[in-house]
Amino acid sequence: MADIIIMGSGATEKQISTVIKKIKGLGFDINLSRGTEKTIIGIIGDTRDISDEVFKILPGVAQVISILKGYKLASREFHPQDTVIKTDALDIGGDSLTIIAGPCSVESKKQLLNTAERIRKSGARILRGGVFKPRTSPYSFSGLGLEGLQILKEVKEKTGMPVVTEVLSPEDVDRTAAIADILQIGARNMFNYRLLQRVGKSSRPVLLKRSFSATISEFLNCAEYILKEGNKNVILCERGIRSFDSDFTRNTLDLTAVAVLKKESHLPVFVDPSHGTGRRDLVTPMSKAAIAAGADGLMIEVHPKPEEALSDGFQSLTPEMFAEFMDEIKPVARVMNKKF
Ligand code: PEP
Ligand code: MN
């Protein structure tokens with residue numbers, strides 16, 4: 001099995017192109033990474049039947065590696081450089097820190113527009129707002145659905161802010177992608193393989209939230225489901241996992257996962273401290289810690305009147321608190337050489 005071809009430091013352009021031609025001739029696509037020392041060529045596809053001998057004998061090849069884990073496209077070995085997702089409005093990942101903010105649920109145009117205008121002034125780059133809401137109880141508010149999508153569209157047009165919203169089912173992907181700049185897969189749906197495959201066929205970037213019961217390897221395998229369908233723009237989002245101590249927090253925000261994911265994968269890693277802790281007073285400290293652990297972005301719930309919110313008011317910041325929050329995280333971003 002051959003997944004990655006590492007060219008020797010003295011390999012010539014001709015030797016590199018011979019290897020690429022060989023791979024393409026076998027019907028595979030490639031991922032090429034040119035470092036200062038070495039050129040690394042990743043083979044995209046099911047490589048189980050390709051013998052490494054085929055490449056070992058080619059001039060200039062230093063090493064042939066097989067990736068035995070289930071997530072090849074998501075792995076840093078396969079794609080050594082950080083993935084930077086380029087949208088019309090901004091770059092996500094690399095040396096930027098991207099702040100996504102907004103209400104848990106879209107409740108009305110007035111609520112969303114008010115929030116968007118105020119968080120934008122404080123420096124949020126992307127607006128969030130759920131319209132299809134997966135709720136723990138089937139009797140809780142489950143979102144405005146298509147009416148909510150229309151509100152997202154109007155507020156996006158009015159403020160110029162890109163928007164992210166969750167999709168719950170494969171049938172909703174196209175109409176949601178017609179409006180949303182980023183599709184969110186929620187924690188409850190991380191293991192919904194059909195949905196992952198469906199968003200993998202979309203041209204919109206996908207923000208994949210970690211299930212509260214997923215190991216890091218399960219999380220990366222789910223990202224792989226999306227990447228395998230051709231969508232290269234996946235953002236991984238840690239949002240807290242279940243642990244034994246729920247007296248003080250809603251979830252346990254696993255910041256180890258951030259450091260591990262940054263090593264193990266090239267994909268941008270975000271943190272959602274609002275769901276991760278379930279407490280507005282913990283949003284700022286955990287955000288600072290997340291940036292220090294290497295996060296490329298944060299997702300923060302903000303509501304103009306949290307006490308009247310139809311979902312997650314207790315963990316939402318007011319726009320005034322959000323402005324203070326942005327001031328407080330700035331020095332940490334600076335230390336980590338992140339622009340925002
Ligand atoms: C959300 O971001 O609105 C949400 C429902 O989060 P999660 O899927 O992480 O629970
Ligand atoms: Mn929420």
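Which loop holds Asp312? In this predicted model, Asp312 belongs to the loop that runs between β14 (297-301) and α11 (319-335). The close-ups below begin with the metal site and move on from there.

**Figure 1. The manganese ion (ligand 2) and its four donor residues, Cys104, His275, Glu301 and Asp312.** The donor atoms are SG of Cys104, NE2 of His275, OE of Glu301 and OD of Asp312, and they sit at 2.0 to 2.3 Å from the manganese ion. If you like to search by pattern, the donors are spaced as C-x170-H-x25-E-x10-D along the chain. His275 is part of helix α9 (residues 273-277) and Asp312 of the loop between β14 and α11, so this pair ties together parts that are 37 residues apart in sequence. His275 has a relative accessibility of 9%, so it counts as buried.

**Figure 2. Asp312 and its backbone.** Here we stay with one of the manganese donors, Asp312, and turn to its main chain. Asp312 has a phi near 55 degrees, which is a positive value in a residue other than glycine. Is Asp312 buried or exposed? With a relative accessible area of 9%, Asp312 is buried.

**Figure 3. Asn337, another residue with positive phi.** Asn337 is not a glycine, yet its phi is positive, at about 55 degrees. You will find Asn337 in the segment after α11. Its relative accessible area is 63%, so Asn337 is classed as exposed.

**Figure 4. The surroundings of ligand 1.** Which residues are around ligand 1? They are Arg128, Lys133, Glu166, Gln184, Gly186, Ala187, Arg188, Lys209, Arg239 and His275. By class, this shell has six charged residues, three polar ones and one nonpolar one. His275 is in the shell of ligand 1 and also serves as a donor to the manganese ion (ligand 2) through NE2.

**Figure 5. Polar side chains beside the oxygen atoms of ligand 1.** For Arg239, a polar side-chain atom is 2.6 Å from an oxygen atom of ligand 1. In the side chain of Lys133, an N or O atom is 2.9 Å from an oxygen atom of ligand 1. Arg188 places a polar side-chain atom 3.0 Å from an oxygen atom of this ligand. On its own, ligand 1 has 290 Å² of accessible area, and the protein covers 97% of that.

**Figure 6. Phe219 in helix α7 (residues 216-228).** The relative accessible area of Phe219 is 0%, so this residue is buried. Leaving out residues up to four places away in sequence, Phe219 touches Met190, Leu208, Lys209, Arg210, Leu236, Cys237 and Leu261. One of these, Lys209, is also among the residues around ligand 1. As a distance reference, the C-alpha atoms of Phe219 and Ile126 are 24 Å apart in space, and the two residues are 93 residues apart in sequence.

**Figure 7. Ser33 in strand β2 (residues 29-34).** Which side chain makes a polar contact with that of Ser33? The partner is the side chain of Gln81, at 3.3 Å. Setting aside neighbours within four places in sequence, Ser33 is in contact with Lys38, Thr39, Ile40, Pro80 and Gln81. Ser33 is buried, since its relative accessible area is 5%.

Terms used. Residues are numbered from 1 along each chain as its sequence is written. Chains are lettered from A and ligands numbered from 1 in the order in which they are written. This is a predicted model: local features need pLDDT of at least 70, side-chain atom pairs count only at pLDDT 80 or more; totals for chains, interfaces and linings use all residues. Side-chain values use heavy atoms; hydrogens and water are left out. Helices (H or I, at least four residues) and strands (E, at least two) are DSSP runs, numbered from the N terminus. Buried means under 20% relative accessible area, exposed over 50%, partly exposed in between (1.4 Å probe, protein chains only). A polar contact is a pair of N or O atoms within 3.5 Å; within protein, one must be able to donate a hydrogen and the other to accept it, and residues adjacent in sequence count only if both atoms are side-chain atoms. Contact means heavy atoms within 4.5 Å. A residue is near a molecule or strand if one of its heavy atoms lies within 4 Å of it. Accessible areas come from the Shrake-Rupley method with a 1.4 Å probe; for residues, only the protein chains shown count as cover. Ala, Val, Leu, Ile, Met, Phe, Trp, Tyr, Cys and Pro count as nonpolar, Asp, Glu, Lys and Arg as charged, and the others, Gly among them, as polar. Donors are N, O and S atoms within 2.8 Å of the metal (3.2 Å for Na, K and Ca); water is not among the atoms, so sites may look incomplete.
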